[in-house]
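Subject: A structure for you to look at

Hello,

Here is the structure I promised to pass on to you. Please open it beside this email and follow along as you read.

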Amino acid sequence: MIYLDNAATTRVAPEVFEAMSPFLQDEYGNPSSVYALAGRSAAALEDGRRSLAEFIGAEPEEIIFVGSGSEADNLAIKGTMRKKDGGHMITSAIEHHAVLHTCKYLQEEGYDLTVAGVDQHGLVDPREVADAIREDTRLITIMHSNNEVGTIQPIVEIAAIARERGIKMHTDAVQSLGKVPLNVDALGVDMMSFSAHKLHGPKGVGALYIRKGFRPEPIIHGGGQERRLRAGTENVPGIVGFGRAVSLAAELGHEPVERMRALRDKLIAGVLEAIPETVLSGHPVERLPNIASFLFRYIEGEGILLSLDMKDIAGSSGSACTSGSLDPSHVLLSMGYPHEIAHGSLRLSLSRYTTEQEIDTVLEVLPPIIQRLRDMSPLYPRR
Ligand SMILES: *Cc1c(COP(=O)(O)O)cnc(C)c1O
C-alpha cells in the first residue's frame with residue numbers, strides 16, 4: 001500500500017522497535033524501585049530525556065514525559081491557567097483540537113479566551129496577538145505548524161511579544177519535530193508539546209518542554225514521577241522508543257527531510273498541473289516539508305479517500321479527529337474557504353520512507369479519480 005497519512009500517524013522505525021524491544025520483555029523494572037533491574041529502566045528513561053532535550057536545545061530537567069501530544073497540550077494550558085483563578089489566554093482558530101477544546105473548556109470554567117484569526121494561508125498575524133493582550137493575559141498558545149495544511153507560524157515574533165509582556169508562551173510543535181529545526185532558545189518559548197508517534201516512534205507517549213523556573217499545576221495527581229508534574233509509572237518502552245526516534249532523526253540529519261520536500265514539491269506541481277480548478281491550501285512557502293494539501297472544487301473529500309483506498313492509497317481529508325463528522329475542517333473554514341470548497345479537501349502527508357515511485361503512482365491515479373467524481377457531481381458545470 002502507499003501510505004500518505006503521516007500527519008495522522010507514522011510507522012514505527014525499525015531502529016525504534018529494536019530499541020524498545022528489551023523494555024517490553026526482560027527489562028520490565030519500575031524505574032522508581034531500588035534494585036538493578038529498576039535502575040536500568042531509570043537509566044533508559046533518562047537517556048530518552050537527554051535525546052529529546054539535546055535535539056531541541058533544552059536541559060533534560062526541562063522535559064516532562066506524558067501520555068500523548070494531547071496531554072502535553074492539556075498540561076501546558078490547564079497547568080498554566082489554573083495557577084491562579086481567572087485571567088485571559090490567547091490562542092488561534094487553526095489549533096489542533098487538543099489546544100482549542102482545552103481553551104474552550106477553561107473558558108467554561110470562567111477563564112477568558114481570545115481566538116486570533118488567520119489569513120487565507122493559515123497564518124496568524126503577530127500584531128493581532130499583540131492587540132489582543134490585556135492586563136490579565138497569562139498565556140499565549142499558538143501552534144508551531146498546522147497538521148492539516150502544514151503552515152508554519154511566526155513563533156519567534158509571537159514569543160518575543162509574549163516575553164516582553166511577561167506572558168507565558170506555549171507552542172504545539174507535534175508536527176514540526178524532526179522536520180523543521182526547533183530550538184527552545186531561538187524560538188523563545190516557555191513550553192512546547194511533542195508526540196512520539198508523529199516521528200516514527202510509538203503511540204501513547206508525548207512530552208512537554210517546560211522552561212526552567214516555571215512550574216505549571218499538574219493535571220494528574222498521584223505519585224511523584226516526572227518532577228511531581230505527571231503521576232503514573234513511566235511508559236518506559238514508549239519513552240525509550242521516543243528517545244530513539246529523536247536520536248535517529250538527529251543521526252539522519254537534513255538529507256531525508258530534503259528528499260521528502262523534493263517529493264512533496266513534485267506531488268504538488270504534478271497535481272496542480274494535471275487537475276484544473278484545484279488549489280493548494282496552506283502557505284505556499286512557510287509550510288512543513290511533508291504536507292501537500294489540496295482543495296478540489298465540486299467534490300467531497302470522503303469520495304476521494306474511498307476511491308484512493310480502492311487503489312491502496314491512504315490519505316486524509318481534514319484531520320483524523322474530525323473524520324466521521326460531516327462538518328468541514330475548522331482550519332479551512334477559518335482560512336476563509338466557503339463550506340462547499342472546504343468539503344473537497346485532500347491531505348497527502350509524506351514520510352522519510354515515501355518513494356518517488358509512490359508519488360508517480362499517485363500522480364497517475366489521482367487525476368482520473370477526481371475527473372470521475374466530478375462527472376458524477378451535480379455541482380460540476382457541464383460543458
Ligand atoms: C497529532 C497531534 C496532536 C495530538 O497528539 P497525540 O499524541 O495523538 O495526542 C496534537 N497536536 C498536533 C498538531 C497534532 O498533529
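Let's begin at the start of helix 9, where a side-chain oxygen of Asn235 reaches to within 2.9 Å of the backbone nitrogen of Gly238. Before going further, please keep in mind that this is a predicted model.

Helix 9 covers residues 236-252. Does its length fit what its residue count suggests, or what else do we find? At 1.5 Å a residue, the 17 residues should span 24 Å, and the end C-alpha atoms are 24 Å apart, so the two agree.

How many residues of helix 9 are buried? The count is 12 of its 17 residues, so the helix is mostly covered. Among them are Val236, Pro237, Ile239, Val240, Phe242, Val246 and Leu248. The glycines Gly238, Gly241 and Gly243 are on the buried list too, and so are Ala245 and Ala249. What covers these residues? The cover includes helix 1 (14-24) and helix 2 (36-56), along with strand 2, strand 7 and strand 8. Just after helix 9 comes Gly253, which has a positive phi, near 70°.

That spot is also a good place to look at the domains. The domain assignment puts 14-252 in domain 2, while domain 1 is made of 2-8 + 253-376. The centres of the two domains, taken over C-alpha atoms, are separated by 27 Å. Where they meet, 35 residues of domain 1 are in contact with 35 residues of domain 2.

Next, the sheet. It is an open sheet of 7 strands with mixed pairing, and the strand order is 2-8-7-6-5-3-4. Which strands are at the edges? They are strand 2 (63-66) and strand 4 (112-116), each of which pairs on one side only. From one strand to the next, the twist averages 20°.

At one edge, strand 2 and strand 8 pair in the antiparallel sense over 4 bridges. Val66 has Gly206 of strand 8 as its bridge partner. The side chains of strand 2 are worth a look: Ile63 and Phe65 point one way, Ile64 and Val66 point the other way, and all are buried.

At the other edge, strand 3 (residues 88-92) pairs with strand 4 in the parallel sense, over 5 bridges. Here Thr91 has Val115 of strand 4 as its bridge partner. Helix 6 (residues 155-164) packs on the sheet and touches strand 5 (137-141) and strand 6 (168-172). The direction of helix 6 makes about 155° with that of strand 6.

Finally, two residues with backbone angles to look up. Most residues other than glycine have a negative phi. His200 is not a glycine, yet its phi is positive, about 65°. Where is His200? You will find His200 in the loop between strand 7 (191-195) and strand 8 (206-210). Is His200 buried or exposed? With a relative accessible area of 6%, which is under 20%, His200 counts as buried.

Arg227 also has a positive phi, about 50°, although it is not a glycine. Arg227 sits in helix 8 (residues 225-228). Its relative accessibility is 39%, so Arg227 counts as partly exposed.

Enjoy exploring, and write back with any questions.

Best wishes

How values were computed:
Residues are numbered from 1 along each chain as its sequence is written. This is a predicted model: local features need pLDDT of at least 70, side-chain atom pairs count only at pLDDT 80 or more; totals for chains, interfaces and linings use all residues. Side-chain values use heavy atoms; hydrogens and water are left out. Two strands pair if DSSP finds at least two bridges between them. Helices (H or I, at least four residues) and strands (E, at least two) are DSSP runs, numbered from the N terminus. Axes are lines fitted to C-alpha atoms, for helices over the stretch in contact, and angles run from 0 to 180 degrees between N-to-C directions. Contact means heavy atoms within 4.5 Å. Buried means under 20% relative accessible area, exposed over 50%, partly exposed in between (1.4 Å probe, protein chains only). The expected span of a helix is 1.5 Å times one less than its number of residues. A polar contact is a pair of N or O atoms within 3.5 Å; within protein, one must be able to donate a hydrogen and the other to accept it, and residues adjacent in sequence count only if both atoms are side-chain atoms. Domain bounds come from an automatic or database domain assignment.
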